[in-house]
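Visitor: I should like to take a close look at a single part of this structure. Please guide me through it step by step.

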Amino acid sequence: MIEVDGLTKHYGPTRSIEDVSFRAEKGEILGFLGPNGAGKSTTMKLLAGLMRPTAGSARIDGIEMQHATPAQRQRLGYLPEGAPVYGDMTLDGFLRYMAGLKGLDNRQAKSEAERTTALLNLQKERTRLIGNLSKGTRQRAAFAQALLGKPPVLLLDEPTVGLDPSQINDVRRLVRSLAGETTVLFSTHILPEVELTCTRIVIIANGKVAAQGTPEQLVATIPSEGLARLRGSSNIVNRLAAELPGGSRIKVTWSEGEALLTWAPREGEDLRPEIARRAVPAGIDVVEVTLKRARLEDVFLRAIGKEGSA
Amino acid sequence: MSFTRQLFLVTRREVASLLCMPLYYVLCGVFFMLAALVYLQQLVVFSQGGQGTSVNATDSVVVPTFQMLHFFLLIQVPLLTMRVFAEDRSNGMLDLLQTMPARDWAVLGGKFLATFLGIAIYTTITPIFPVVTGMMTIVDWPVVIGSVIALLLSSAGYVSIGLLFSAASESQVAAAVLSYVTLFMLAFGQAFASASNVQALDDAARHFTVTEHINGLISGNIAPMNVAYFVVMAWVGLFVTARLLEARRWRST
């Protein structure tokens, strides 16, 4: 389980994160979404025990990693930003070395290196020097390192950076397969990543938690929007809009000879059939009439303060 | 997991990494080339009975050769240590290592041992020069043994100082420059202190700088004080480096 409570980190006068709180239950895959520079990596480093927080706490299974014993550190798998690896080692040598440092004996290290390379489709690269591998393969090698010893908690900082679409799919599938057994904090700035991989999402912006919940809960925070594009005389269109039920809520804007009617529907209200029924007899062409439901992207853009830029 | 196993794993990895480095072989080559040149020059001067030479081959050839070898080591060590932590810091490996169950001391000890072993490999071959001299004339072997011990002990001390600055800096160049400044102050501090004509400073420099201790060992005086000087230097360097690594976890900025 991951618990972050009132976590604050200042670098001198610069505020990196402020009062960040969230938790991930056992076996949950929690998406940690935010634009570049939002404070995701700082939060990850604080959780991994690499820095001291200015205030608040970051705990894994109830333990602050800064104070963790070697045995407690075995419970954490960490893929840092930039996917560090040793370029002068073979992939197999690197994984066995890291497994050894995680406390596995030679036999376990060998079998874990085999298991993790298989999980990430790296079998063909096992005997190659990491420095000669592509960026995507190095990224997967670093990911394999985090999985060594089957740690119950995984911190993944941008695990799909540098991967091609097929590799990204493999990684997403792998992360999803960990659900239930492993608690995963999955940091990314790519929206589809969290939509396809995570059961719950924390959105961080400007160092603060801007929103959190399941994708459905987050989407529900933004109301749907009714939209109709009509062609016809402006007088007739304006009159039609005004005469519609709840006409005072309908906003009419004109662009390139078309009227764009927008409104926020009330619970159970659907103006679309009414607009079509009234427009056609009045000689107005109905180009489009639709109900636009909010997407996670809208939630994200609103959370990071760029609403309407999509 | 035992500390010894962690130490062994890190040492093995770092030795392999060192042996993959072209710079290591360049430094080995340069060290031997310069050592051979210095030795030949001393030998020629000795065989010609040049001005100021004694009749003793040990004093005229072996001791000056090992004094120069010590100076070459002083130049080489920062070039080998500068990358050890600085590289891991800049590519993020140090962060990763610090989240592992392995202890900081195991990582530090492994890196220290590997670099020291790398230098020891070519330092322990240096008795070849006195062996060659011994075929032609009488050599004082305790002096040779003292000289090799001097090179090994000073290497250990200098490596620990090099590691300290490598751990303190993300830039390899900065790590090398800081190591050079410190090592040169230790090596030549006594000369400056003597030039100042302040007796107290001169006395202090004699105890705290390298010159008297290294010259003592190279001339065969394996006194506890001379040995302890380099052991303490290595220990202090490693201790401060360990504290620096630990402090990374507690940094507030």
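How many bridges join strand 1 of chain A to strand 2 of chain A, and do these strands run parallel or antiparallel?

Guide: Please keep in mind that this is a predicted model. Strand 1 of chain A covers residues 2–11, and 7 bridges join this strand to strand 2 of chain A. The two strands run antiparallel. One of the bridge pairs can be located by name: A:Ile2 has A:Ala24, in strand 2 of chain A, as its partner. In general, the strands of a sheet pair through backbone hydrogen bonds, and the pairing may be parallel or antiparallel.

The pair belongs to an open sheet of 3 strands in chain A, with the order 2-1-4 and antiparallel pairing. At its edges are strand 2 (14–24) and strand 4 (55–60) of chain A, each of which pairs on one side only. On average, neighbouring strands of this sheet are turned by 20 degrees against each other, if direction is ignored.

A helix accompanies the sheet. Helix 1 of chain A, residues 40–48, lies across strand 1, strand 2 and strand 4 of chain A. Relative to strand 1 of chain A, helix 1 runs at about 115 degrees.

The wider setting is chain A itself, which has 11 helices and 13 strands. Its C-alpha trace spans about 80 × 45 × 35 Å along the principal axes. The radius of gyration of chain A is 25 Å, whereas a compact globule of 310 residues would have a value near 19 Å. Of the 310 residues in chain A, 41% are buried.

Note on methods: Residues numbered from 1 in each chain as written. Chains lettered and ligands numbered in written order. Predicted model: local features only at pLDDT ≥ 70, side-chain atom pairs only at ≥ 80, totals over all residues. Pairing = 2+ DSSP bridges. Helix = DSSP H or I, 4+ residues; strand = E, 2+ residues; numbered from the N terminus. Axes fitted to C-alpha atoms, helices over the stretch in contact; angles between N-to-C directions. Contact = placed C-beta atoms within 7 Å. Rg over C-alpha atoms; globule rule 2.2 N^0.38 Å. Buried ≥ 20, exposed ≤ 12 C-beta atoms within 10 Å, placed from the backbone.
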